[in-house]
Amino acid sequence: SQQAQPAAVKVLKVGAEATFPPFEFQDEKSKDYVGFDVDLMKAIGKQMGTEVQIVNTAFDGLIPALEGGQIDVIASAMTITDERSKKVNFSKPYYKSGLSIIVKADNNAIKTFKDLEGKRIAVQIGTTGAEEAKKIKDAKVREFNSASEAFLELKAGGADAVVNDLPVNEYYLTKGGSKDAKLVGEVLNAEEYGVAVAKKNTELAGKISKALDEIKQNGEYAKVYEKWFGK
Ligand code: GLN
């Protein structure tokens, strides 16, 4: 007997460390994964004709998960670095970022990265923020699994500063963090986020870059950008 088969739906498994608002986080009510990267990957997936599924993964476990084939891509506010480019293929950049400092609202001693010398710095493990903090002379760097835990450590008085991506620091402050914390200093390093795919998967990186170009052309990228960052 011949039965119509449903069209095979290919699902793109997207690894993300999903406590990094506004890029990837869980909606409190629906528990759905939401954020800029999630909407961006949905728009890219639509362009490629695939569904996307978010796989919540520890930040320092993302590249191993990609290499092990548990996920197809990483979209997790991941900065394109030379070190990471040895292990993964990045798409074209999709977002410009940089590192910044958050301190307690009443801290007037720390105003620049130079002022972090000898200080206690909370960071997220495996991130560019962690790397930069470790370069600071005599700094005592404490690494947490998520940026939100680093913010909590600052609030609890266990750290003098958090070094983390500027848009995430800004989002934290606007969502209530500014009651007891503030942003100080210049933004360190121009960083760019990219979607990562496994080294062997050269074709997929090209497809994602092409889809990214297309959603920039057709206005979908701008819609997603406005939704999360305003105009
Ligand atoms: N952009 C930073 C990095 O790539 C932090 C990313 C993150 O914590 N999700 O290291």
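Contact, in these legends, means heavy atoms within 4.5 Å of each other. Every view below comes from a predicted model.

**Helix H4 and the elements it packs against.** Start with helix H4, which runs over residues 128-135. Which of its residues are buried? They are Thr-128, Gly-129, Ala-130, Glu-132 and Ala-133. These buried residues pack against helix H3 (82-85) and against five strands: S7, S8 (120-124), S9 (140-144), S10 (161-165) and S11. Follow the chain from H4 towards S9 and you come to Asp-138, in the loop between the two. Asp-138 isn't a glycine, yet its phi is positive, at about 60 degrees. Is this residue buried or exposed? Asp-138 counts as exposed because its relative accessibility is 55%, and the cut-off for exposed is over 50%.

**The largest nonpolar core and its best-connected members.** This core holds 43 residues. Look for Phe-23, Phe-36, Leu-40, Met-41, Ile-44, Val-73 and Tyr-94, which touch the most other members. At least two core residues come from each of strand S1 (11-16), helix H1 (36-48), strand S7 (88-104), helix H5 (147-155), helix H6 (166-174), strand S11 (181-198), helix H7 (202-217) and helix H8 (220-229). Both domains chip in too: domain 1 (11-96 + 192-229) and domain 2 (98-190) each give the core at least three residues. There is also a second, separate core of 15 residues, with Phe-113, Leu-116, Ala-133 and Val-163 among them.

**Tyr-94 and the residues it touches.** Now zoom in on one of those well-connected core members. Leave out anything up to four places away in sequence, and Tyr-94 still touches Phe-36, Asp-37, Leu-40, Ser-76, Ala-77, Met-78, Tyr-193, Gly-194, Val-195, Leu-212 and Tyr-221.

**Strand S11 and two of its pairings.** Strands of a sheet pair through backbone hydrogen bonds, either parallel or antiparallel. Which sense do we get between S7 and S11? The answer is antiparallel, over 13 bridges. To find your way along S11, spot Glu-191, which stands opposite Ser-97. S11 also pairs with strand S6 (residues 73-74), again in the antiparallel sense, over two bridges. On that side, Ala-196 of S11 has Ile-74 opposite.

**The ligand and the residues around it.** Who lines up around the ligand? You'll see Phe-20, Phe-59, Ser-76, Ala-77, Met-78, Thr-79, Arg-84, Gln-124, Thr-127, Thr-128, Asp-165 and Tyr-193. Three distances are worth finding here. A nitrogen atom of the ligand lies 2.9 Å from a backbone N or O atom of Ser-76. With Thr-79, a side-chain N or O atom is 2.8 Å from a ligand nitrogen. With Gln-124, a side-chain N or O atom is 2.6 Å from a ligand oxygen.

**The open sheet of three strands, S2-S3-S4.** The pairing in this sheet is antiparallel. Strand S2 (19-20) and strand S4 (33-34) each have a single partner strand, so each edge strand has one side without a neighbour in the sheet. S4 is joined to strand S3 (residues 24-26) by two bridges, and here Val-34 of S4 stands opposite Phe-25. The loops are fun as well. In the loop between S2 and S3 sits Pro-22, joined to Pro-21 by a cis peptide bond with omega about 5 degrees. The loop between S3 and S4 holds Lys-31, a residue other than glycine with a positive phi, near 65 degrees.

**Glu-28 in the loop between S3 and S4.** Is Glu-28 buried or exposed? Glu-28 counts as exposed because its relative accessibility is 73%. For scale, C-alpha to C-alpha, Glu-28 and Ala-122 are 25 Å apart, and 94 residues separate them in sequence.

**Thr-57 in the loop between strand S5 and helix H2.** S5 spans 51-56 and H2 spans 62-67. Why does Thr-57 count as buried? Its relative accessible area is 15%, and buried means under 20%. Its side chain reaches the backbone oxygen of Val-55 at 3.0 Å. Beyond its neighbours within four places in sequence, Thr-57 is in contact with Gly-15, Ala-16, Glu-17, Leu-62 and Ala-65.

Key. Residues are numbered from 1 along each chain as its sequence is written. This is a predicted model: local features need pLDDT of at least 70, side-chain atom pairs count only at pLDDT 80 or more; totals for chains, interfaces and linings use all residues. Side-chain values use heavy atoms; hydrogens and water are left out. A nonpolar core is a set of buried Ala, Val, Leu, Ile, Met, Phe, Trp, Tyr and Cys residues joined through side-chain atoms within 4.5 Å. Buried means under 20% relative accessible area, exposed over 50%, partly exposed in between (1.4 Å probe, protein chains only). Helices (H or I, at least four residues) and strands (E, at least two) are DSSP runs, numbered from the N terminus. Domain bounds come from an automatic or database domain assignment. Two strands pair if DSSP finds at least two bridges between them. A residue is near a molecule or strand if one of its heavy atoms lies within 4 Å of it. A polar contact is a pair of N or O atoms within 3.5 Å; within protein, one must be able to donate a hydrogen and the other to accept it, and residues adjacent in sequence count only if both atoms are side-chain atoms.
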